[in-house]
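Reader: I've got a protein model open on my screen and I'm not sure where to begin. Could you walk me through it?

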Amino acid sequence: MFDEVKGFAVTLKRGFMPNMTIQYPEEKRDMAPRFRGLPSLRSDPDTGEALCVACGLCARVCPTSCLDMHVIPSEEGDRELGEFILRSGRCMFCGLCAQVCPVDAITMSSEYELSVMERDGLVYTKIELAQIGSQSEIWWDSGCRNVPAGS
Ligand code: SF4
Ligand code: SF4
């Protein structure tokens, strides 16, 4: 009998507490600064040009080989990025690609609604990745900035 009363007391107490649930997808939570969503490509906010210098480091470090890039010769005789492909179905959102990039051209976005009906939808091109990440912060910086010193 006492257990029933205790249970009823808990129900009553909870009834007066603020809601802990949200009505997704109408309401969405703010993602934590260190959240690792879809990797995406950043661009220069002034010129809009992609920051990627086509060094290939991100593709080399990726543990699941889900990054693929085509490098083309630039007009200056150097190299530039032709296409940049992310096979998100293989991505494990580890963030290594963003950590090794020497120019912070690739970052972890807060994009998490990634379900698709066709497998082709899991393949992102340079333009799509740039649309998602163009004005994103440098994830690695934003994450570290919010971590208390010494932790
Ligand atoms: S987050 Fe990890 S698995 Fe995904 S593309 Fe970057 S390095 Fe590869
Ligand atoms: S995103 Fe960064 S690491 Fe990857 S190829 Fe471009 S410059 Fe290199």
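**A walk through the model**

Author: Sure, and keep in mind that this is a predicted model. Let's start at Ile-106: leaving out residues up to four places away in sequence, its contacts are Pro-39, Leu-41, Cys-58, Cys-97, Ala-98 and Cys-101.

Reader: Which residues touch the most other members of the largest nonpolar core?

Author: That core has 23 residues. Elements giving two or more residues to it are β3 (79-87), α3 (96-100), β4 (106-108) and α4 (126-133). The members that touch the most others are Leu-41, Cys-97, Ile-106 and Leu-129.

Reader: Which residues come nearest to ligand 2?

Author: There are 13 residues around ligand 2. Sorted by class, they are 12 nonpolar and 1 polar, with no charged ones. Ile-106 turns up again here, and the full set of nearest residues is Cys-52, Cys-55, Cys-58, Cys-101 and Ile-106.

Reader: And which are closest to ligand 1?

Author: Ligand 1 is surrounded by 13 residues. Its shell has 11 nonpolar and 2 polar residues, and again no charged ones. The closest are Cys-62, Cys-91, Cys-94, Leu-96 and Cys-97.

Reader: Is Met-69 buried, partly exposed or exposed?

Author: First, find Met-69 in strand β2 (residues 67-73). Not counting residues up to four places away in sequence, Met-69 touches Ala-54, Gly-56, Ala-59, Leu-81, Glu-83 and Phe-84. Being buried takes 20 or more C-beta neighbours within 10 Å. Met-69 has 17 inside that distance, so it counts as partly exposed.

Reader: How far apart in space are Met-69 and Gly-82?

Author: In sequence, Met-69 and Gly-82 are 13 residues apart. Going from C-alpha to C-alpha, the distance between them is 7.2 Å.

Reader: In what order do the helices and strands run?

Author: The protein has 5 helices and 5 strands. Read from the N terminus on, the order is α-β-α-β-β-α-β-β-α-α.

Reader: Is the whole thing a compact globule or more spread out?

Author: For 151 residues the globule rule gives 15 Å, but the radius of gyration is 21 Å, which is well over that. Along the principal axes, the C-alpha atoms fill a box of roughly 85 × 45 × 30 Å. Going by the radius of gyration, then, the protein is more spread out than a compact globule.

Reader: What percentage of the residues count as buried?

Author: You'd go through the 151 residues of the protein and ask which ones count as buried. The share comes to 20%.

Technical notes:
Residues are numbered from 1 along each chain as its sequence is written. Chains are lettered from A and ligands numbered from 1 in the order in which they are written. This is a predicted model: local features need pLDDT of at least 70, side-chain atom pairs count only at pLDDT 80 or more; totals for chains, interfaces and linings use all residues. A residue is near a molecule or strand if its C-beta atom, placed from the backbone, lies within 6 Å of it. Ala, Val, Leu, Ile, Met, Phe, Trp, Tyr, Cys and Pro count as nonpolar, Asp, Glu, Lys and Arg as charged, and the others, Gly among them, as polar. Helices (H or I, at least four residues) and strands (E, at least two) are DSSP runs, numbered from the N terminus. The radius of gyration is taken over C-alpha atoms; the globule rule is 2.2 Å times the number of residues to the power 0.38. A residue is buried if 20 or more other C-beta atoms lie within 10 Å of its own, exposed if 12 or fewer, and partly exposed in between; C-beta atoms are placed from the backbone. A nonpolar core is a set of buried Ala, Val, Leu, Ile, Met, Phe, Trp, Tyr and Cys residues joined through C-beta atoms within 7 Å. Two residues are in contact if their C-beta atoms, placed from the backbone, lie within 7 Å.
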